[in-house]
Amino acid sequence: MGTIKIIQGDITKITVDAIVNASNTTLLGGGGVDGAIHRAAGPQLLAECRKLNGCPTGEAKITGGYNLPAKYVIHTPGPIWRGGDHSEVQLLQNSYRNSLQLAAENNCTTVAFPSISTGVYHFPLDQAAQIAVTTIKRFLQQPSSIQTVTMVCFDKLTYKSVSEAVKIP
Ligand code: AR6
């Protein structure tokens, strides 16, 4: 029902109903995309995150977007890659699916994701891109408020990997 889009860019600049943050289980900020989102949203985001008592890996929690163009931020800690036999695949699927579910529950029509877990959490890029695309496509096959999901790839390599994954039927 909805469509998937891929762009190269900075997720903090994207005007959508909800952007997803590749956070950690404390939800109290960090480096990478998490740091960029907190910097762009302003200190009110951290103040709201402090009230959430963290979030387990693969689950998702929602806050306002404050100074961001996005209305909401959906925070999901992806799995840390530990060789592949610690439920990493399942947990990464959960991060994408639970984020989309939460966006739909909040009547979002447009959602943007970064490439979860492929930075300091070291999930292998090609495998993560396939999981991202497959999980998003599967979600979009069922009816929900979501019309467009954009994968916002920060670097060329990620853009290439996600673009290849989208071509797989
Ligand atoms: N827009 C889009 N993507 C970005 C941006 C941006 N502004 N900045 C970085 N990326 P990472 P993880 C890409 O490390 O692996 C944090 O400290 C980046 O190039 O941000 O899930 C958290 O607090 C990469 O492709 O997230 C956690 O502790 C992707 O986002 C931990 O890192 C994810 O890289 C989470 O690690």
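## Strand β6 and its surroundings

Modeller: In β6, Ala112 has Thr150 as its bridge partner. This is a predicted model, in which local features need pLDDT of at least 70 and side-chain atom pairs count only at pLDDT 80 or more, while totals for chains, interfaces and linings use all residues. Residues are numbered from 1 along each chain as its sequence is written, and side-chain values use heavy atoms, with hydrogens and water left out.

Colleague: What makes β5 and β6 a pair, and in which sense do they pair?

Modeller: Two strands (E runs in DSSP of at least two residues, numbered, like the helices, from the N terminus) pair if DSSP finds at least two bridges between them. Strand β5 (residues 110–113) has four bridges with β6, so the condition for a pair is met, and the sense is parallel. Besides Ala112 with Thr150, Phe113 has Met151 in β6 as its bridge partner.

Colleague: How do you know that β1 pairs with β6, and which residue in β6 stands opposite Lys5?

Modeller: Strand β1 (residues 3–8) and β6 are joined by six bridges in the parallel sense, which again satisfies the requirement of at least two. Lys5 stands opposite Thr150, the residue that also partners Ala112, and Thr3 has Thr148 as its bridge partner in β6.

Colleague: Why do β2 and β5 still count as paired, and how many bridges join them?

Modeller: Strand β2 (residues 18–23) is joined to β5 by two bridges, with the strands running parallel, and since the threshold is at least two, that number is enough. Ile19 has Ala112 in β5 as its bridge partner.

Colleague: What is the order of the strands in the whole sheet, and what makes a strand an edge strand here?

Modeller: The sheet is open, has six strands with mixed pairing, and follows the order β1-β6-β5-β2-β4-β3. The edge strands are β1 and β3 (61–64), as each of them pairs on one side only. Direction ignored, neighbouring strands of this sheet are turned by 25° against each other on average.

Colleague: Why is strand β6 described as mostly covered?

Modeller: Buried means under 20% relative accessible area, exposed over 50%, and partly exposed in between (1.4 Å probe, protein chains only); in β6 (residues 148–153), five of the six residues are buried.

Colleague: Is Ile4 buried or partly exposed, and what does it touch?

Modeller: Ile4, in strand β1, has 23% relative accessibility and therefore counts as partly exposed. Leaving aside residues up to four places away in sequence, Ile4 touches Val133, Ile136, Leu140 and Val149, where contact means heavy atoms within 4.5 Å.

Colleague: What makes the unit of β5, α4 and β6 a right-handed one?

Modeller: A crossover is right-handed if, with the strands pointing away from the viewer, the path from the first strand over the helix to the second runs clockwise. Strand β5, helix α4 (residues 125–140, with helices being H or I runs of at least four residues) and β6 make such a right-handed β-α-β unit.

Colleague: How do the axes of α3 and α4 cross, and what is the hand of the crossing?

Modeller: The axes of helix α3 (residues 88–105) and α4 come within 9 Å and cross at roughly 35°; axes are lines fitted to C-alpha atoms, for helices over the stretch in contact, and angles run from 0 to 180 degrees between N-to-C directions. The crossing is right-handed, the term for a near helix turned clockwise from the far one by less than a right angle, whereas anticlockwise would be left-handed. Among the residues that meet are Leu92, Tyr96 and Ala104 in α3, and Ile131, Ile136 and Phe139 in α4.

Colleague: Why is Ala104 called buried, and which residues does it touch?

Modeller: Ala104, in helix α3, has a relative accessible area of 14%, and is called buried because this is under 20%. Not counting residues up to four places away in sequence, Ala104 touches Phe139, Ser144, Ser145 and Ile146.

Colleague: What sets Leu27 apart in its backbone, and is the residue buried or partly exposed?

Modeller: Phi of Leu27 is near 60°, a positive value in a residue other than glycine. Leu27 is found in the loop between β2 and α1 (32–41), and with a relative accessible area of 1% the residue is buried. Tyr66, in the loop between β3 and β4 (72–77), also has a positive phi, near 50°, but at 35% relative accessible area Tyr66 is partly exposed.
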